[in-house]
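Colleague: Can you walk me through this one? I have the coordinates open and would like to go region by region.

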Amino acid sequence: MRSWIARRTLRAFARRYGYDVSYLEMMLNCSPSAFFKFAPLMKAAAHREAVPIDASFAAKIVGALAEDCGPCTQLVVDMALEAGMAKDQIEAVLRRDPRAMNDATTLGFRFADAVVRRSAEDDEFRDAVRAQWGQKGVIDLTLALQMGRMFPMVKAGLGYAKECRRVTVSGHNVDVVKQAA
């Protein structure tokens, strides 16, 4: 019964976002035990307690970009739009353009980018996040970033990360910049 419900939930998710969940279906079919241990991470990926939506999704997009070449990043973009993040803010993160970001987006982006790159600036941005939103803000952005990386890595590890595609924001192609030049 539990597997039946999970299968229906995955299919509904796939239809809602136009996202290929075959790697999760394979996991459910081959190792329900592994799937049901992994599934709670989906809830953890949605955690946000102290930071604004823009900061949270900036970190999620940075995480997805660090590990993905399209489909998972597109999923995060679509979720950001659904959550109410402005198109121009999403595009600014995808283009790595802090000048076009609002303050919340900039801080979420800079923190996540510093952590992903293992930059010497990560303490500086962590302190700035803590000053703005407290320790809960640091937790929020850390989970947003790392959960944004988890799903593309599992997908790749299982051999399902074979597709690269352009990322769009509301049907508009965006030239994604994965790393600073």
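Modeller: We can take the pocket, then the cores, then the aromatic pairs and a few backbone points. Keep in mind that this is a predicted model.

Colleague: Pocket first, then. What volume does the largest pocket have?

Modeller: About 750 Å³ for the largest pocket. Its lining is made of 33 residues, and F13, M42, A45, L75 and M79 are the closest to the centre.

Colleague: Which elements give two or more residues to that lining?

Modeller: Helices α1 (2-17), α2 (22-30), α4 (40-45), α5 (53-67), α6 (71-83) and α9 (122-157). The largest share is from α1, with eight residues.

Colleague: And how do the lining residues divide into nonpolar, polar and charged?

Modeller: The lining of the largest pocket has 26 nonpolar residues, four polar and three charged.

Colleague: On to packing. How many residues are in the largest nonpolar core?

Modeller: There are 35 in the largest nonpolar core, and the residues with the most contacts inside it are I61, I90, V93, L94, W133 and L141. Two or more residues of this core come from each of α5, α6, α7 (87-95), α8 (103-116), α9 and β1 (167-169). Helix α5 supplies the largest share, eight residues.

Colleague: Is there another core apart from that, and if so, what residues are in it?

Modeller: Another core, of 19 residues, lies apart from it, and Y19, V21, L24 and M147 are among its members.

Colleague: Back to I90. What does it touch, leaving out residues up to four places away in sequence?

Modeller: With those left out, I90 touches I61, V77, A80, L81, M85 and V169.

Colleague: Which residues of α7 are buried?

Modeller: In α7, Q89, I90, E91, A92, V93 and L94 are buried. The buried residues of α7 pack against α5, α6, α8, β1 and β2 (172-174). After α7 comes R96, which has a positive phi near 60°.

Colleague: I'd like to look at A55 too. Where is it, and is it buried or exposed?

Modeller: A55 is in helix α5. It counts as buried because its relative accessibility is 0%, and the cut-off is under 20%. Not counting residues up to four places away in sequence, A55 touches A104, T105, G108, W133 and L141. Its C-alpha is 9.4 Å from that of M85, which is 30 residues away along the chain.

Colleague: L141 was on the list for the core as well. What about F111?

Modeller: F111 is in helix α8 and is buried, with a relative accessible area of 1%. F111 touches F125, R126, V129, L141 and T142, again not counting residues up to four places away in sequence. So L141 is touched by F111 and by A55. F111 and E121 are ten residues apart in sequence, with 8.5 Å from C-alpha to C-alpha.

Colleague: Aromatics next. How many pairs does the count come to?

Modeller: Four aromatic pairs. One of them is F13 with Y19, edge-to-face, 6.3 Å centre to centre and 90° between the planes. F13 is partly exposed at 26% relative accessible area, whereas Y19 is buried at 6%. Ring pairs also link F13, Y17 and Y19 into a cluster.

Colleague: And the F38 and F151 rings, why is that pair edge-to-face?

Modeller: Because their planes are at 65°, and the cut-off for edge-to-face is over 60 degrees; the ring centres are 5.3 Å apart. The pair links distant parts of the chain, with F38 in helix α3 (residues 32-38) and F151 in helix α9, 113 residues apart. F38 is buried at 9% relative accessible area, and F151 is buried at 15%.

Colleague: Last topic, the loops. Where does R118 lie, and what is its phi?

Modeller: R118 is in the loop between α8 and α9. Its phi is near 55°, a positive value in a residue other than glycine. R118 counts as exposed, at 76% relative accessibility.

Colleague: And S170, which loop is that in?

Modeller: S170 is in the loop between β1 and β2. It has a positive phi of about 55° although it is not a glycine. At 46% relative accessibility, S170 counts as partly exposed.

Notes. Residues are numbered from 1 along each chain as its sequence is written. This is a predicted model: local features need pLDDT of at least 70, side-chain atom pairs count only at pLDDT 80 or more; totals for chains, interfaces and linings use all residues. Side-chain values use heavy atoms; hydrogens and water are left out. On a 1 Å grid over the protein atoms alone, a cavity is a set of points where a 1.4 Å probe fits but cannot get out, and a pocket is an open set with protein on both sides within 12 Å along at least five of seven lines; lining residues have an atom within 4 Å of a point. Grid points are joined across faces, edges and corners, and a volume is the space filled by probe spheres set on the points. Helices (H or I, at least four residues) and strands (E, at least two) are DSSP runs, numbered from the N terminus. Ala, Val, Leu, Ile, Met, Phe, Trp, Tyr, Cys and Pro count as nonpolar, Asp, Glu, Lys and Arg as charged, and the others, Gly among them, as polar. A nonpolar core is a set of buried Ala, Val, Leu, Ile, Met, Phe, Trp, Tyr and Cys residues joined through side-chain atoms within 4.5 Å. Buried means under 20% relative accessible area, exposed over 50%, partly exposed in between (1.4 Å probe, protein chains only). Contact means heavy atoms within 4.5 Å. Rings of Phe, Tyr and Trp (its six-membered ring) pair if their centres lie within 6.5 Å; planes under 30 degrees apart count as stacked, over 60 as edge-to-face and the rest as tilted.
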